[in-house]
Every structure is written in structure tokens, then in C-alpha cells.
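Please look over the model shown below, and then read the briefing on its surface, its chain contacts and its interior.

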Amino acid sequence: MRHCHACGAEVSKEGKLFRTDECGGCGRDLRCCRNCVHYSPTAHNQCLEPVAEWVADKERANFCEYFTFADTQGGGPSRRSPEEAAREKWKKLFKS
């Protein structure tokens, strides 16, 4: 089952995802590192694919050739690490 990393909504689109595809639930990019099977917060560059290029924003669409949508059980925001939750709170604090 495919689910959005941000809201946990089920992704019904089958086959290849394009860079412009967005989640029907929250409108976030689907073809991003956070939805990839290779994403790992503890790995070097946060990616298990050793030859993948560095991607600065893991939640935005990118052109990574190794992207494979991860089959997840859902989860959404609760899947965030404590560091990511703190970073998001910090950004909201200074948002105008």
C-alpha cells in the first residue's frame, strides 16, 4: 500500500510517479525522498542508495533516478523523527 509521508493518505495512483504528482489529501509532493524505499534518516545523506546525488530538501519533488515508492502502512506526521518535529516547530516560529 502506498501512503503519503506527510498526511498518511492512501495513494491510489499505480505505476510510475511523475515529479509533478501531488497527494490528493494534503497537496504535498509524492515523488520525494520521504516517500522513497531508500530513505533512511540515519544513513549517509539520508539515503541507502550509495551513488544517489545529495538532495537538500527531502520533502520536495526531485529528479532522483533511484526513486522507488515505499510500500508503507500509513502513518503520516507521526512517522516524523523528534529532530524533524523540532525543526518544523522552529520554522513555524519564524514564519511571517
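Why does Ser12 count as exposed? Ser12 counts as exposed because its relative accessibility is 65%, where exposed means over 50% relative accessible area, with a 1.4 Å probe and protein chains only. This is a predicted model, in which local features need pLDDT of at least 70, side-chain atom pairs count only at pLDDT 80 or more, and totals for chains, interfaces and linings use all residues. Residues are numbered from 1 along each chain as its sequence is written, and side-chain values use heavy atoms, with hydrogens and water left out.

**Segment before H1**
- Ser12 lies in the segment before H1, a helix being a DSSP run (H or I) of at least four residues, numbered from the N terminus.
- The C-alpha atoms of Ser12 and Gly24 are 9.1 Å apart, with their positions 12 residues apart along the chain.
- Thr20 is also placed in the segment before H1, and Thr20 counts as exposed because its relative accessibility is 67%.
- From C-alpha to C-alpha, Thr20 and Asn62 are separated by 9.5 Å, although they are 42 residues apart in sequence.

**Segment after H1**
- Phe94 is found in the segment after helix H1 (82-93), and Phe94 counts as exposed because its relative accessibility is 53%.

**Interior**
- The count comes to 1 cavity of 30 Å³ or more, a cavity being a set of points on a 1 Å grid over the protein atoms alone where a 1.4 Å probe fits but cannot get out.
- The lining of the largest cavity comprises 16 residues, of which Cys33, Cys36, Cys47, Val55 and Cys64 lie nearest its centre, lining residues having an atom within 4 Å of a point.

Technical notes. Helix = DSSP H or I, 4+ residues; strand = E, 2+ residues; numbered from the N terminus. Buried < 20%, exposed > 50% of the residue type's maximum accessible area, 1.4 Å probe, protein only. 1 Å grid on protein atoms, 1.4 Å probe; cavity = no way out; pocket = protein on both sides within 12 Å on 5 of 7 lines; lining within 4 Å. Points joined across faces, edges and corners; volume = space filled by probe spheres on them.
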